[in-house]
There are 2 protein chains.
Amino acid sequence: MPSIETILSPALFHLYEEDLEHKNVVVIDILRATTTICVAFANGAREILPVAKPEEAAAMQQKGWIAAAERHGKTVKRFDLGNSPQDHTEERVLGQKIALTTTNGTRALQMSSAANHVWVGSFLNIKTLTEKLRTDNHDVLLFCAGWKDKFNLEDTVFAGAVASLLAGGFTITDDATLAAIDLYKKAESDLHAYLQKASHVNRFKSLHIESDLEACLKTNTLNVLPEFKNGTIQNSHNA
Amino acid sequence: MPSIETILSPALFHLYEEDLEHKNVVVIDILRATTTICVAFANGAREILPVAKPEEAAAMQQKGWIAAAERHGKTVKRFDLGNSPQDHTEERVLGQKIALTTTNGTRALQMSSAANHVWVGSFLNIKTLTEKLRTDNHDVLLFCAGWKDKFNLEDTVFAGAVASLLAGGFTITDDATLAAIDLYKKAESDLHAYLQKASHVNRFKSLHIESDLEACLKTNTLNVLPEFKNGTIQNSHNA
């Protein structure tokens, strides 16, 4: 039976790299990169290039891509979109290629690139994601992008949700995954209330973008499966 | 109000080093180094030198110290004691200086050495420890020694127990501490049953040293507070 392990921070990734080419990695950055990526594909985006810095997105803008970046909770001047999933409406992204600025998410995706598959996970596409993980039947690494290498609650709770859905078909002996499952069980009856205490959510509050939290916690509403491959992200799911 | 933060693995320690000289660090290696250290002092040991390798303990043995080390769950040949808290009886350790081999624990202690105080925590001395943290009134880092840099459940649950006891007198906004508290709350009614699933405990089972787990989970039975200072450990608590 394949196994599930959870990487609680990019600073722990090196401990899980052995046989990476035979493992499927799920990159998790719930607030907000991996959520926004799922929403953009659901609304018809063609491709998403994850970049670490606004300047890289600006360079792609010159080539006809639309550029998404925020500083301090506001869309960067001259950019088309912010990083909020609520910005990535069908009207804005249908048929577009998007350069999306995300520090933690971009780094986690790039670190994972040698894996068998690198998929993008969020509460919104959790059913499509877990079905694929089950049928593909490889060892799974649930990779929490965290915040500046620190552990965060929302990514870990999501890892626990995925592991809970896969339990039975996978071996789970890793302490980080066991902890993630217990945290998810504590949170699941009211994710929004549970995550109110998370440090990242509090950072959100101070940016007056609270409604994003709700958008990021809509479980299983989107039938997409973004895959990171050759440096860029496309929707690998044929709905 | 001072703060509490939890370091889930030595590989994350660098994220918490700022102002280390003004913080109190609790080094946590429940199975078994920090538990064994508490037991040895309660039974009258004079000093404990934590070393990473059995050869270093052997060198101290030449100088009249007693040497404690294990390989694969058995006392190393020609050594006086193993690493089990049950080995460190009054009969064996009263008035003695002990060189104790512990890989994860030694490293965590040495990494913390620039802190205001570095104390050794275990379920056995949790009351003495938390009283001191409260009266000393500095920011606290709960430092889980982990297992080969990976997250482990027993150290994290103990961090949660400490943070729960200190809540009210300290600010807790860090996600790792919030998670540790929730895991502790889930575990507290029956620590032994909860930790049965931990990977480290399963490693223990395969070494036939199960009874150690019980010895390591006896909450608040010892009135000692080992402190790591100038490379060695002494009991800083005047009972």
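Chain B superposes on chain A after a rotation of 180 degrees with 0.0 Å of shift along its axis, at an RMSD of 0.0 Å. The two copies are thus related as by a two-fold rotation axis. The model is predicted, and every value below is computed from it.

**The interface**

The contact between the chains involves 23 residues of chain B and 23 residues of chain A. On the chain B side, two helices, α6 (153-166) and α7 (175-187), each supply at least two of the residues that touch chain A. The largest share, seven residues, comes from α7(B). Sorted by class, the side of chain B that touches chain A has eleven nonpolar residues, five polar ones and seven charged ones. Of the interface residues of chain B, 100% are also interface residues in chain A, so the copies meet through the same surface.

**The fold of chain A**

Ten helices and eleven strands make up the secondary structure elements counted in chain A. For 239 residues, a compact globule would have a radius of gyration near 18 Å; the value for chain A is 16 Å, which agrees. The overall figures for this chain are as follows.

| Property of chain A | Value |
|---|---|
| Span of the C-alpha trace along the principal axes | about 50 × 35 × 35 Å |
| Radius of gyration | 16 Å |
| Share of the 239 residues that count as buried | 55% |
| Share of contacts with a separation of 6 or more that join residues 24 or more positions apart | 76% |

The last row concerns contacts within chain A: among those with a separation of 6 or more, 76% are between residues 24 or more positions apart.

**One residue in detail: Leu100(A)**

Leu100(A) is part of strand β7 of chain A, which covers residues 97-101. Is Leu100(A) buried or exposed? Within 10 Å there are 26 other C-beta atoms, and a residue is buried if that number is 20 or more; Leu100(A) is therefore buried.

Which residues does Leu100(A) contact, leaving aside its neighbours within four places in sequence? They are Thr36(A), Ile37(A), Ile48(A), Leu49(A), Pro50(A), Val51(A) and Ala68(A). A separation is also available for Leu100(A) and Leu81(A): the two are 19 residues apart along the chain, and their C-alpha atoms are separated by 8.9 Å.

Notes
Residues numbered from 1 in each chain as written. Chains lettered and ligands numbered in written order. Predicted model: local features only at pLDDT ≥ 70, side-chain atom pairs only at ≥ 80, totals over all residues. Contact = placed C-beta atoms within 7 Å. Helix = DSSP H or I, 4+ residues; strand = E, 2+ residues; numbered from the N terminus. Nonpolar A, V, L, I, M, F, W, Y, C, P; charged D, E, K, R; others polar. Least-squares fit on C-alpha atoms with pLDDT ≥ 70 in both. Buried ≥ 20, exposed ≤ 12 C-beta atoms within 10 Å, placed from the backbone. Rg over C-alpha atoms; globule rule 2.2 N^0.38 Å.
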